[in-house]
Amino acid sequence: MSEPLHYRSTRSGQHAASIDQVIAAGLAPDGGLYVPEALPRLDAAAFDPRGSLADTATALLTPFFKGTALAAELPAICREALDFEVPLRPLAHHADGSVLELFHGPSAAFKDVGARFLAACFRRIRPADAPPVTILVATSGDTGAAVAAAFHRQPGVRVVILYPDGRVSPRQAHQLGCFGDNVQALRVAGSFDDCQRMVKSALGDAALQARRPLSSANSISLGRLLPQMSYYAHAALGWWRRHRTPLNFIVPTGNLGNALACVWVREMGLPVGDIRLACNANATLSDYFDGDPYTPRPAIPTLANAMDVGAPSNFERLRWTFPHDHELRLQLQASSVDDDTIRDTIVRHASEHGELFCPHTATAVHVLDTMGATGLPWAVVATAHPAKFDSVVEPLIGRRVEVPAALQAMLQRPANAEPLAAENDALKRWLLHPMA
Ligand SMILES: *Cc1c(COP(=O)(O)O)cnc(C)c1O
């Protein structure tokens, strides 16, 4: 019973590891993604009906951590990481619709949940006498700020963020560059895929690692994926207690980390109903779920830039969960939503209902709008605050978007990012001789 849960790589099935090793490593040594050997099953009755989000997270994640050094710390980790609200709010225009707001953390996007949990784990895993570690993050916009906020001023840790210059919103860029102290932003003359390639190349360079110990905090880390299950479990259990029906979710999707967390909660036996993926014009997933062979492709830039992914990393974990295409296609449906539709959706909801959505959330709102009457309760997942994307939203609606206090504080600090060529060696040289 108290046997710890083992984790393996999606690629070779080798490299059994415990959760603390998995969290410290990020990626498996064979380049695969870590997955639990089996998903534990839990009963709705095992959760405290009056529990907070952190209490739900602790109960949900206990089987993943049992028998390890972190197990006793799990309640404190969940309290530290999940100390903001994740409200489920009824939608004005839709009798069966709600919105699950995941943007009330420090960086105003759902990435705060995973980043803060990972940081809380790192604080406990790293021995006090360990050499300083540099956490490398490639970001298409929101991950970098969440990781920076979570690790800012943490002793023994330096954060280096790589983002594609000109491809993030001006406010996202400001957020990435505003931390200072142990956080450095690098604006890369290339795409997000270039940033990811450079980070992977540095992480895989043993000679570099010998001189500059490196780690990663990208969304492929299980330490970010597991805590994201908490808000799905918390919302679905709350709904179940009130209505005795499962809650159905529409998830804005890019790299598939957020939606996979929802799928895993359902696999664990909790009352999650249908799950629909809302993608932008990057249609890799919607084509696959419509019956085409899985075909990763280069990403194209869209208004929902944090979802500009042509080769979603977590597809590998979804395949591990459901190895056969026919079985996997029964689990999810996916839609691709183009930029014009994102604009229309933002404008229409602002003018008709006074509700504001970020471009990512708008893809999911559109899926709900076009679904017709299902008679089922749907929760649209709101992944970021619209004020983060003021450069898209404000011209469309013709007025200012109110800025949450935490974001306002970041915007008032000066920001700075160093330029970097989109070459693996440029990053390696920078890491050995940072100009800062
Ligand atoms: C990261 C992000 C997404 C996509 O989430 P995935 O886990 O990569 O699918 C959607 N919306 C926003 C605002 C994001 O920051």
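## Surroundings of the ligand

In this predicted model, the shell of residues around the ligand is made up of 5 nonpolar, 7 polar and 2 charged residues. There are 14 residues around the ligand, and those that come nearest are Lys-111, Asp-142, Gly-254, Asn-255 and Thr-383.

Several short distances between polar atoms can be listed for the ligand. In the side chain of Asp-142, an N or O atom is 2.6 Å from an oxygen atom of the ligand, while a polar backbone atom of Asn-255 is 2.8 Å from a ligand oxygen atom. Asn-258 also takes part through its backbone, where an N or O atom lies 2.9 Å from an oxygen atom of the ligand. The ligand taken alone exposes 390 Å², of which the protein buries 97%.

## Strand 12 and its neighbours

Strand 12 covers residues 378-382, and because 5 of its 5 residues are buried, this strand is largely enclosed by the rest of the structure. Its side chains are divided between two directions: Trp-378, Val-380 and Ala-382 point one way, whereas Ala-379 and Val-381 point the other way, and all of them are buried.

Two strands that pair with strand 12 can be described in turn. Strand 4, formed by residues 97-101, runs parallel to strand 12 and is joined to it by 5 bridges; within this pairing, Leu-100 has Val-381 of strand 12 as its bridge partner. Strand 9, formed by residues 247-252, is likewise parallel to strand 12, and 3 bridges join the two, with Phe-249 having Ala-379 of strand 12 as its bridge partner. Val-381 and Ala-379, the partners named here, are both among the residues that point the other way from Trp-378, Val-380 and Ala-382.

## Cysteines

The structure holds 0 disulfides, and the distances around two of its cysteines can be set beside this count. For Cys-121, the closest cysteine sulfur is that of Cys-78, and because the two sulfur atoms are 8.2 Å apart, they are too far from each other for a bond. Cys-178 is in no disulfide either, since the nearest cysteine sulfur, which belongs to Cys-195, is 18 Å away, and a disulfide requires sulfur atoms within 2.5 Å.

Burial can be given for both of these residues. Cys-121 has a relative accessible area of 0% and is therefore buried, and Cys-178, at 4% relative accessibility, also counts as buried, because the cut-off for this class is under 20% relative accessible area.

Key. Residues are numbered from 1 along each chain as its sequence is written. This is a predicted model: local features need pLDDT of at least 70, side-chain atom pairs count only at pLDDT 80 or more; totals for chains, interfaces and linings use all residues. Side-chain values use heavy atoms; hydrogens and water are left out. Buried means under 20% relative accessible area, exposed over 50%, partly exposed in between (1.4 Å probe, protein chains only). Helices (H or I, at least four residues) and strands (E, at least two) are DSSP runs, numbered from the N terminus. Two strands pair if DSSP finds at least two bridges between them. A residue is near a molecule or strand if one of its heavy atoms lies within 4 Å of it. A polar contact is a pair of N or O atoms within 3.5 Å; within protein, one must be able to donate a hydrogen and the other to accept it, and residues adjacent in sequence count only if both atoms are side-chain atoms. Accessible areas come from the Shrake-Rupley method with a 1.4 Å probe; for residues, only the protein chains shown count as cover. Ala, Val, Leu, Ile, Met, Phe, Trp, Tyr, Cys and Pro count as nonpolar, Asp, Glu, Lys and Arg as charged, and the others, Gly among them, as polar.
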